[in-house]
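Here is a short briefing to read alongside the model. Please keep the sequence and the 3D view open as you go.

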Amino acid sequence: MWRPDPYDRNCPTRQLLDRIGDQWTVLIVGALKGGPLRFTEIGRRVDGISQKVLTQTLRSLVRDGILTRTAYATIPPKVEYELTPLGRNLSEPLEMLDQWARVHMASVQDARDAYDAEHTPASA
């Protein structure tokens, strides 16, 4: 019987973990947790993402069944993205990751500062 093994580079679960672990996926799923948004609204909410990367990431998330894309026959055309039940289920652990990062950021920054102070060469 086949069992998923993300430690095997040929296992499809590795691709899924790569998608879920991508910084843009985490932020897009978080942005859509409150309900459907249009492309430009997602782009504004996820500061720093290029239109090209946003398009690619949204397309991949729709393909993976995490988002739905709904196009409305209006002028101008209107397209909304929304979490599917699978995407809402994914948003729960991602929310925990978001909260962990917020709670522990000061400790991480202290560790970075200590590391940098120890590993930065003295100026001549």
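Which residues of the largest nonpolar core touch the most other members? In this predicted model, they are Ile28, Leu32, Ile42, Val46, Leu58, Leu67 and Tyr81, out of 19 residues in that core. The points below start from the core, then move on to the sheet, the long-range contacts of two loop residues, and helix 5.

**The nonpolar core**

- Helix 2, helix 4, strand 3 and helix 5 each supply at least two residues of the core.
- Helix 2 (residues 23-32) gives the most, with five residues.
- As general background, nonpolar side chains tend to be buried together in soluble globular proteins.
- Leu32 is a good place to look in the viewer: apart from neighbours within four places in sequence, Leu32 is in contact with Leu37, Ile42, Leu67, Tyr81 and Leu83.

**The sheet**

- Three strands form an open sheet in the order 1-3-2, and their pairing is antiparallel.
- Strand 1 (37-38) and strand 2 (67-72) are at the edges with a single partner strand each, so each has one side without a neighbour in the sheet.
- Helix 4 (residues 51-63) packs on this sheet and touches strand 2 and strand 3, with its direction at about 110 degrees to that of strand 2.
- Six bridges link strand 2 to strand 3 (residues 78-83) in the antiparallel sense, and the two strands form a hairpin with five residues between them.
- Within this pairing, Thr70 stands opposite Glu80, while Ala71 has Val79 as its bridge partner.
- On the other side of the order, strand 1 and strand 3 run antiparallel and are joined by two bridges.
- Glu80 appears here again, as the bridge partner of Arg38.

**Two buried loop residues**

- Where does Val46 lie? Its place is the loop between helix 3 (39-45) and helix 4.
- Val46 has a relative accessible area of 3%, so it counts as buried, the cut-off being under 20%.
- Leaving out neighbours within four places in sequence, Val46 is in contact with Trp24, Leu27, Ile28 and Ala31.
- Val46 and Ile28 are 18 residues apart along the chain, and their C-alpha atoms are separated by 6.8 Å.
- Thr84 is in the loop between strand 3 and helix 5.
- Is Thr84 buried or exposed? Thr84 is buried, because its relative accessible area is 10%.
- Not counting residues up to four places away in sequence, Thr84 touches Gly65, Ile66, Leu67 and Thr68.
- Leu67, one of the residues touched by Thr84, is also among the contacts of Leu32.

**Helix 5**

- Helix 5 covers residues 85-119 and bends by about 55 degrees at His104.
- Which residues of helix 5 are buried? They are Gly87, Leu90, Ser91 and Leu94.
- An α-helix has 3.6 residues a turn, so residues three or four places apart point the same way.
- The buried residues of helix 5 pack against helix 1 (12-21), helix 2 (23-32) and strand 3.
- Strand 3 is thus a handy landmark for browsing: strand 3 pairs with strand 2, is joined to strand 1 and is packed against by the buried residues of helix 5.

Definitions and conventions:
Residues numbered from 1 in each chain as written. Predicted model: local features only at pLDDT ≥ 70, side-chain atom pairs only at ≥ 80, totals over all residues. Heavy atoms only, no water. Pairing = 2+ DSSP bridges. Helix = DSSP H or I, 4+ residues; strand = E, 2+ residues; numbered from the N terminus. Contact = heavy atoms within 4.5 Å. Axes fitted to C-alpha atoms, helices over the stretch in contact; angles between N-to-C directions. Bend = angle between axes of the 7 residues up to and from the residue. Buried < 20%, exposed > 50% of the residue type's maximum accessible area, 1.4 Å probe, protein only. Core = buried A, V, L, I, M, F, W, Y, C linked by side-chain atoms within 4.5 Å.
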